[in-house]
Amino acid sequence: GSLFSVFAMPQVCAGCGKGECTEVCPSCGEAGIVPPTRFCSQECFKTNWKTHKKLHTEAKDSFAKNGWWLRTVAPGDGENFPKAGDVVLMSFTGTLESGKVYDTNPEFEIKIGKGLVIKGWDEAVPQMSVGEKAKLIVKPEKAYGNKGWAPVIPPNETLIYDLQLSEINPPPLPPKPGAKPAPMPKKGR
């Protein structure tokens, strides 16, 4: 069985799962898949083209319909999905198209579906089940648009996220070491 994944690490071939990658899929960019998928050889690319081409179709359709594409890397439980208003505990790494990591958080807690994160997250995260690991590619119109988020995210930037949904409505996270506790309300006279 071949380890075929559009999200293989650059040093691992997306077709056979081994070897240094010297070939880059020339059509990934047209499909909106960033970074482009890598293969160890032109032969491996040709062998896996039919399977890989299906990902291009899936990505194009999702970008056209949603402005984002969510690709499962490791399945979750398939039963517990967050709904708008749920608090989710996630880990993530956010990357720019250049490959530069701009943010990472192993314990990110946020209420989903309420406009507290980019639209791509609000719409895509409810498609994930608890335990799922996924790659999310978000086009600018569902991220920070033509203004970006200076100085971190340039205008019109497609964002790439490695996500894992750990829990839905978890107990509150403990305070970070050195964080000051919230002030207690003053009692009336």
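**Fold, cysteines, a pocket and a buried methionine**

Among the contacts in the protein between residues at least 6 apart in sequence, 61% join residues at least 24 apart. The model discussed here is a predicted one. Its secondary structure comes to three helices and seven strands, and a walk along the chain from the N terminus meets these elements in the order β-α-β-α-β-β-β-α-β-β. The protein has 189 residues, of which 38% are buried. The surface that the protein exposes amounts to about 11300 Å², with carbon and sulfur atoms supplying 54% of that area.

The cysteines come next. A disulfide is a covalent bond between the sulfur atoms of two cysteines. A search of the whole structure finds zero disulfides. Why does Cys21 not form such a bond? The closest cysteine sulfur to that of Cys21 belongs to Cys13 and is 5.5 Å away, which is too far for a bond. Cys44 is likewise in no disulfide, and for this residue the nearest cysteine sulfur, again that of Cys13, is 3.5 Å away. A pair of cysteine sulfur atoms has to be within 2.5 Å to count as a disulfide. Are these two cysteines buried or exposed? Cys21 has a relative accessible area of 16%, so it is buried. Cys44 counts as buried because its relative accessibility is 10%; the cut-off for this label is under 20%.

Attention now turns to a pocket. The second largest pocket has a volume of about 210 Å³. It is lined by 13 residues, and those closest to its centre are Phe92, Asp103, Phe108, Tyr144 and Tyr161. Which element gives the largest share of this lining? Strand 5, which spans residues 101-111, contributes five residues, the largest share. Sorted by class, the lining of the second largest pocket holds ten nonpolar residues, two polar ones and one charged one.

A final stop is Met128, a residue found in the loop between helix 3 (119-124) and strand 6 (133-138). Although Met128 sits in a loop, its relative accessible area is 0%, so this residue is buried. What surrounds Met128? With its neighbours within four places in sequence left aside, Met128 is in contact with Leu70, Asn80, Phe81, Pro82, Met90, Ala134, Leu163, Gln164 and Leu165. Gly78 offers another view of how the chain folds back: Gly78 and Met128 are 50 residues apart along the chain, yet their C-alpha atoms are separated by 8.1 Å.

Technical notes
Residues numbered from 1 in each chain as written. Predicted model: local features only at pLDDT ≥ 70, side-chain atom pairs only at ≥ 80, totals over all residues. Heavy atoms only, no water. Buried < 20%, exposed > 50% of the residue type's maximum accessible area, 1.4 Å probe, protein only. 1 Å grid on protein atoms, 1.4 Å probe; cavity = no way out; pocket = protein on both sides within 12 Å on 5 of 7 lines; lining within 4 Å. Points joined across faces, edges and corners; volume = space filled by probe spheres on them. Helix = DSSP H or I, 4+ residues; strand = E, 2+ residues; numbered from the N terminus. Nonpolar A, V, L, I, M, F, W, Y, C, P; charged D, E, K, R; others polar. Contact = heavy atoms within 4.5 Å. Areas by Shrake-Rupley, 256 points an atom, 1.4 Å probe, with all protein chains shown as cover.
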